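Open the model in your viewer and switch on the cartoon. We will walk through a few selections together, one stop at a time.

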Amino acid sequence: MNIDSKPKKKKKKSSDRNRKAMLLPITIVILLFGLVVWNNIRQETKLPSEEWSRSISVPVDSNSTQPLVYKENNQYVVYTHQSDGIKKATLDQKLNVKAEKTTKLPIDERSHFWSNGEKYAFISSSGELILSDGNKNTVIEKNADYLAAAKERFAYSKGNEVYVYDPKASKSKLIFKAQEKLADLTSHPDSSSFVAIVGEKVNMESIYLHDENGKYEASSILRYEKSSTDKIYNFRFAESKEKVHFLYTLYSSKQGTKSFKTYYGAVSISNLNKLSFNEISFKDKAYHSNLENPNYQQLNIENGKPAVLFAASGPISNKKEAGNIYNAVLENGKWETNRISTTKDYSTYPLKADDQTVFWLKANSIADFQLYAASKDPGIIKKSQSIQKQDVSSAVFDACTASVVSFIAMTNAFVWVVPSILFLGILYFVRIDMIEDEKPWVKWLSIALFILTQMYVIQSLFNAQFYTFAPDYLTFTGSSFVIPVVVSVIALYVMHLVKNKDWGLFAQVSYFIGVTVLFQLFVVGTYVY
C-alpha cells in the first residue's frame with residue numbers, strides 16, 4: 001500500500017499544478033477586466049465639461065419640432081409639440097416635473113407655436129393662424145405662412161407682410177412689407193425684435209426688424225443668391241447692450257456630400273449698414289477635435305459675450321460618438337467650445353432656459369423625442385454623477401466589446417514570437433542537445449527575445465487614444481516601456497508558481513508567451529480598440 005500511494009500522491013500534485021496553471025491567469029484576467037469595467041464606469045459618470053452636469057432625463061415627450069422654454073417664478077415651463085396638441089410641463093429648479101397638461105389643438109405636425117401659459121397661437125394645416133385657450137379657437141388670420149414666438153408676443157407673416165400680435169391688446173399690427181413673399185421668420189425669446197427672410201427664388205434678403213418701444217425699424221443685414229446646391233437658413237440673433245449679434249447657416253450639397261457652415265457678425269444698432277459676416281468654427285475643448293457640420297444653432301448672450309448653442313457629432317466617452325449638444329462662448333476672438341450633453345444617439349434643438357440650465361430633445365426614433373436638460377447647479381451636478389444601473393450595464397458591455405475586438409486586433413502579437421521561434425528552430429537543427437538538456441540560457445534567451453520584440457512592436461498601441469482613455473495609473477511618462485516589462489515579470493512569476501517537473505523548455509516558454517499576450521490584451525488592448 002505504501003509503494004502504490006507515492007505515485008498517486010505525485011499524480012495528484014501534478015493535477016493541482018495544472019489546475020493552478022489555468023486558474024491563476026484567469027483570476028488575474030478577471031481582476032484586469034474589473035479594472036476595465038471600473039474605468040468605463042468612470043468614463044460614463046464623467047461630466048461633459050467642468051461646470052455642467054451630466055444629462056438629466058426629463059419625463060416629457062415630444063415630436064421632432066422645436067419646443068418652447070421659459071423661466072417663470074423660479075420654475076421652468078416647457079412646451080412640447082404632440083401629435084394632437086401641445087404639452088405644458090412645469091419643472092422646479094431641481095428639474096423635477098411638478099405639473100403636466102396636454103391641450104388638444106388642431107395644430108400642424110411641423111408648425112411653430114407660441115404660448116404665454118394661458119393661450120396658444122399656431123398655424124393650422126389649412127394656413128389659418130389660430131389663437132386658442134384650449135376651449136375656444138379664434139382665427140386671427142387666414143393664409144398665414146410663418147410664426148415666430150417671442151416671450152410676450154409673436155409675429156407672423158402673410159405673403160410679403162409681417163404682423164405682430166399683442167395678446168394684451170388682442171390685435172395685430174403691420175410692421176413690415178417686403179417686395180416679395182417671405183421665406184422665413186425668426187425671433188429670440190429675450191427680445192421683441194424679429195428677422196424676416198425675404199425671397200423664395202434666387203435673390204434673397206435678410207431684414208432685421210428692430211423694436212424701439214413698440215415701433216419697428218427695418219434694416220437689411222444680408223443679401224445673397226440661392227443656388228441649386230447652396231442655401232442660407234437658420235438665421236439667429238441676440239441683443240446685448242452694445243451690439244446686435246447675428247448668425248446663420250450655409251448649407252451646401254456637392255457630389256453627394258452635405259456640409260453646414262456657420263457665419264457670425266456683430267455690430268451696434270447705429271451701424272447696421274456696416275455689418276459683415278465671417279465663417280466661424282468650433283473645436284471641442286476636451287478632445288481637441290474640430291466639430292464638423294454644426295446645426296440647430298441658437299444665439300445667446302452670456303455675461304455680455306455672445307454664445308452659441310448647437311448640435312454636432314463628437315465623442316462622448318470611451319471610444320463613443322453621438323450627436324451632442326455644445327455651448328461655445330466667444331473669448332478673445334476664439335469660440336471656447338464645451339460639450340454639455342452626455343446623451344447617446346442624436347440630440348437636437350438646444351434651448352437656453354437661463355444662465356445655468358439648457359434643455360434639448362433627444363431622438364429615441366424618427367418621430368419620438370424626449371426632453372433632456374443640463375445644469376450648472378452644484379446640487380444637480382453632484383446628483384448626476386451617482387452611478388446608475390445603466391452606467392454599469394453600459395460599462396460591462398463596452399468592456400466585453402473592447403475585449404473581443406482587442407483579441408482579434410492583437411493577432412499582431414504573433415510578430416512578437418517570431419525571433420524566439422527562429423532562435424529555437426535554428427538551435428533545434430544546430431544544437432538539439434541544448435534543447436534536450438534544457439539549458440537555462442536557452443529558456444532565458446528565448447524569453448528575452450520575446451520581451452524585447454514585444455517592447456518594440458507594442459509601442460504603436462501607446463497612441464493618443466490610449467493616453468486619452470486609459471486610467472491615470474497606466475499613462476505616466478515612460479509607461480510604454482515600463483508596462484511591457486512589468487507585465488512580463490508578472491507572467492514569469494505566474495509561470496514559476498504553476499509549472500511542474502513535467503514541463504519542458506518549450507512548455508515553459510509557450511506558457512509564458514501565452515500568459516503575457518493575454519495580460520497585455522486587458523492592460524493595453526482594451527483601451528486602444
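In what sense do strand 1 and strand 29 pair, and over how many bridges? Keep that in mind while you select residues 56-62, which make up strand 1, and residues 369-375, which make up strand 29. This is a predicted model, and in it the two strands pair in the antiparallel sense over five bridges. To find your place in the pairing, click valine 58: leucine 371 in strand 29 stands opposite.

Stay on strand 1 and show its side chains. In a regular strand, side chains alternate between the two faces of the sheet. Here the covered face of strand 1 holds Ile56, Val58, Val60 and Ser62, while Ser57, Pro59 and Asp61 belong to the uncovered one. Val58, the residue you just clicked, is thus a member of the covered face.

Next, move to asparagine 74. You will find this residue in the loop between strand 2 (68-72) and strand 3 (75-82). Is asparagine 74 buried or exposed? Its relative accessible area is 53%, and because exposed means over 50%, asparagine 74 counts as exposed. Now add glutamine 93 to the selection: 19 residues separate asparagine 74 and glutamine 93 in sequence, and their C-alpha atoms are 6.6 Å apart in space.

For the next stop, bring up strands 14, 15, 16 and 17. These four strands form an open sheet in the order 14-15-16-17, with antiparallel pairing. At its edges are strand 14 (182-187) and strand 17 (215-225), each of which pairs on one side only. Ignoring direction, neighbouring strands of this sheet are turned by 20° against each other on average. Zoom in on strand 16 (residues 203-212), which is joined to strand 17 by ten bridges and runs antiparallel to that strand. A handy landmark is leucine 209, whose bridge partner in strand 17 is alanine 218.

Finally, select helix 6 (residues 440-457) and helix 9 (residues 505-523). How do these two helices pack? Their axes are 10 Å apart and the packing angle is about 20°, so helix 6 and helix 9 are roughly parallel to each other. The crossing of helix 6 past helix 9 is right-handed.

Show the side chains at this contact. From helix 6 come Val442, Lys443, Ser446, Ile447, Phe450, Ile451 and Gln454, and they meet Leu505, Gln508, Val509, Phe512, Ile513, Thr516, Val517 and Gln520 of helix 9. Colour the contact by residue class and you get nine nonpolar residues, five polar and one charged.

Key:
Residues are numbered from 1 along each chain as its sequence is written. This is a predicted model: local features need pLDDT of at least 70, side-chain atom pairs count only at pLDDT 80 or more; totals for chains, interfaces and linings use all residues. Side-chain values use heavy atoms; hydrogens and water are left out. Axes are lines fitted to C-alpha atoms, for helices over the stretch in contact, and angles run from 0 to 180 degrees between N-to-C directions. Angles under 35 degrees count as roughly parallel, over 145 as roughly antiparallel, 65 to 115 as roughly perpendicular and the rest as oblique. A crossing is left-handed if the near helix is turned anticlockwise from the far one by less than a right angle, and right-handed if clockwise. Contact means heavy atoms within 4.5 Å. Ala, Val, Leu, Ile, Met, Phe, Trp, Tyr, Cys and Pro count as nonpolar, Asp, Glu, Lys and Arg as charged, and the others, Gly among them, as polar. Buried means under 20% relative accessible area, exposed over 50%, partly exposed in between (1.4 Å probe, protein chains only). Two strands pair if DSSP finds at least two bridges between them.
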